[in-house]
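Q: Could we look at this structure together? I would like to ask a few short questions.

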Amino acid sequence: MTLDSAALEALRNRAIEVRKQLLTVFSVGKTHHFGGCLSVVDIMVALYFYRMNYTAANWQDPSRDRFIMSKGHAVPVQYVVLGMLGIVDPEEIKTIKRLGSKFQGHPDMRKTPGIEAPTGSLGQGLSFANGTALACRHDGIVNSIFLVVGDGELQEGQFWEAAMTTPQYGLKNVCVIVDRNCFQSQGCVDDMMNVEPIDDKLRSFGWNAERVDGNDVEQLCAALDKTRDRAFGPFAIVADTIKGKGVSFLENTYKYHNYKLSKEEFDMAMEELEASR
Amino acid sequence: MSVDGTRDGFGRGLKAIAAQNPDVFAMDCDLGRSTRAYSITEVDAGRFIEMGIAEQDMVSTAAGMAANGKCVFVNSFAVFMTGRAYDQIRQQVALPRLNVKVCGSSAGITQGPDGGTHQSVTDMNLMRGLPNMVVLSPADSGQAEAAVAIAHEHDGPVYIRLSRWETEQLVPSVFELGRLQHITAGDTLCVIATGPILASALYAVNELGKEGIRVALYNAPTIKPLATEDVLAAVDGFAVVVTLEEHSIIGGLGSATAEIIAGNAGGNGPRVVRLGVRDAFGESGTADELLAKHSLDGPGVARSLRAIVAEAGAR
């Protein structure tokens, strides 16, 4: 599939719109996971608006592609995207984390339409994706299963158990995207517990792996195109991203992993996003 | 009637439901022969999934399958099944109410020679505390077979406690989820037991009967939910109720019974005496030696019941 410049421009603008809606959902004075949400936006746009077979018409069809947010704290980005697709009510997303809301702090597949997996306890998403792929294969469904894991999340042993299972069972339609934003809750990932070389580690486990600029939609789409060849996987895309991407004062630090914006900061952030169009 | 373990009944039950339902799968972590999970391969080898020695990955993978319409029985020794994979069971099975059946094999001190690392005495405690989780504890292999069918019928998470310890058939196999099974009538003492250790209760009840002490005996094949009205009816009029389990006295059948009595019988309820493993880990030994050490063999239970009767008097 080729991506012409107009389509690419549309995806880039979509990413800006997702970031703006995300900040609007987060609003002022409320604690949210800013850094790890902003870093993953371009990945989510490339998946939902370019690669995945997933629409308001087929989101409950068993043959749909699946997306699992293994780094569950970034689920607000998925809420915004599901809102844009018309699967959830965009206005209702603003009730996020409030008592009685459909939009929980971490993914709840029983409460939120379009959420495919219960995640939040880190390291469990790839196993769940493998199980999804096994069930789909048993039912004769031909689809793709995508998931995003955080780089800090790779410190969880279960991820590596699951990384053995995917090739063992020939689950070539599983594609893991590592949001390599280099920061976790309390500091720099590789100072806390080094996870590199991520791509080589996964290759040694039997995966195909590739590194891309994870905030460049064009590179992401090109990498995702490879998953259209079902013999190619399992495929890992190590997406080098910037934590807090798109809002300069939030970028490249762990300090805004979980943070609340002041009114001034919110206005500044929205202005910068608008100017980036 | 056969002399075998509840794990053997589990294997037969799994095979039977797998033959009925093409969406039933079994997974194991390198213990499939011991746990009898391999029995599903006699129906369809493609529905047994070996996960390697990775209990956490097994549970989350099963959850992913269950979210897509499958009924998955995950298997390991009870100690690893409920301990090693506790977070996966909590986060990805119990919380989202997925159709995964958690099967804990070789439970209790009768696991034997492998010692304290392998003897699960807290599995019912761990599973009972989880919202949405049903906890089954069949007494013999026939009842284990029935437990598999009940777990299969229940759309949601179930823990099945299984044992390698071999007994004769002790009770009617068929049971109703949550209900007690009345085994013997009596007027001196009420005993509620769960699991194959019911064999020790039956021995003790018989011995005490010879001495003119009549014991009302119940079997609890379900630990959660446990029917409040059944427990209250069973203990009605008794000064003492004794619970018996091959498990810590903290958090299992004894606790469940005490909670019901404390919460519903007001100040008029009976005293609850919990027989089981008294807040201790296991150790190496034969099953018989370990049961004797913990006074959970037939003579040991008989001694405990006599002492209770001597202290409390009749009723």
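A: Certainly; the questions below concern a predicted model.

Q: How many residues does each chain give to the contact?
A: The contact takes 21 residues from chain A and 22 residues from chain B.

Q: Which elements of chain B give two or more residues to the side that touches chain A?
A: They are helix H3 (55-66) and helix H5 (86-94) of chain B. The largest share of that side, 8 residues, comes from H3(B).

Q: And what kinds of residues are on that side of chain B?
A: The side of chain B that touches chain A has 8 nonpolar, 10 polar and 4 charged residues.

Q: On to the sheet: what is the strand order in chain B?
A: The order is E7-E9-E8-E11-E12 in an open sheet of 5 strands, and the pairing is mixed.

Q: Why is one side of E7 and of E12 in chain B left without a neighbour in the sheet?
A: Strand E7 (181-184) and strand E12 (271-277) of chain B stand at the edges and each has a single partner strand, so one side of each has no neighbour there.

Q: In which sense do E11 and E12 of chain B pair?
A: Strand E11 (residues 240-248) of chain B pairs with E12(B) in the parallel sense, over 6 bridges. In addition, B:Val241 stands opposite B:Val272 in E12(B).

Q: Which strands does helix H9 of chain B touch?
A: Helix H9 (residues 228-235) of chain B packs on the sheet and touches strand E8 (189-193), strand E9 (215-219) and E11 of chain B. The direction of H9(B) makes about 145 degrees with that of E8(B).

Q: What about H12 of chain B, where does that helix lie?
A: Helix H12 (residues 298-312) of chain B lies across E8, E9, E11 and E12 of chain B, and runs at about 150 degrees to E11(B).

Conventions: Residues are numbered from 1 along each chain as its sequence is written. Chains are lettered from A and ligands numbered from 1 in the order in which they are written. This is a predicted model: local features need pLDDT of at least 70, side-chain atom pairs count only at pLDDT 80 or more; totals for chains, interfaces and linings use all residues. Two residues are in contact if their C-beta atoms, placed from the backbone, lie within 7 Å. Helices (H or I, at least four residues) and strands (E, at least two) are DSSP runs, numbered from the N terminus. Ala, Val, Leu, Ile, Met, Phe, Trp, Tyr, Cys and Pro count as nonpolar, Asp, Glu, Lys and Arg as charged, and the others, Gly among them, as polar. Two strands pair if DSSP finds at least two bridges between them. Axes are lines fitted to C-alpha atoms, for helices over the stretch in contact, and angles run from 0 to 180 degrees between N-to-C directions.
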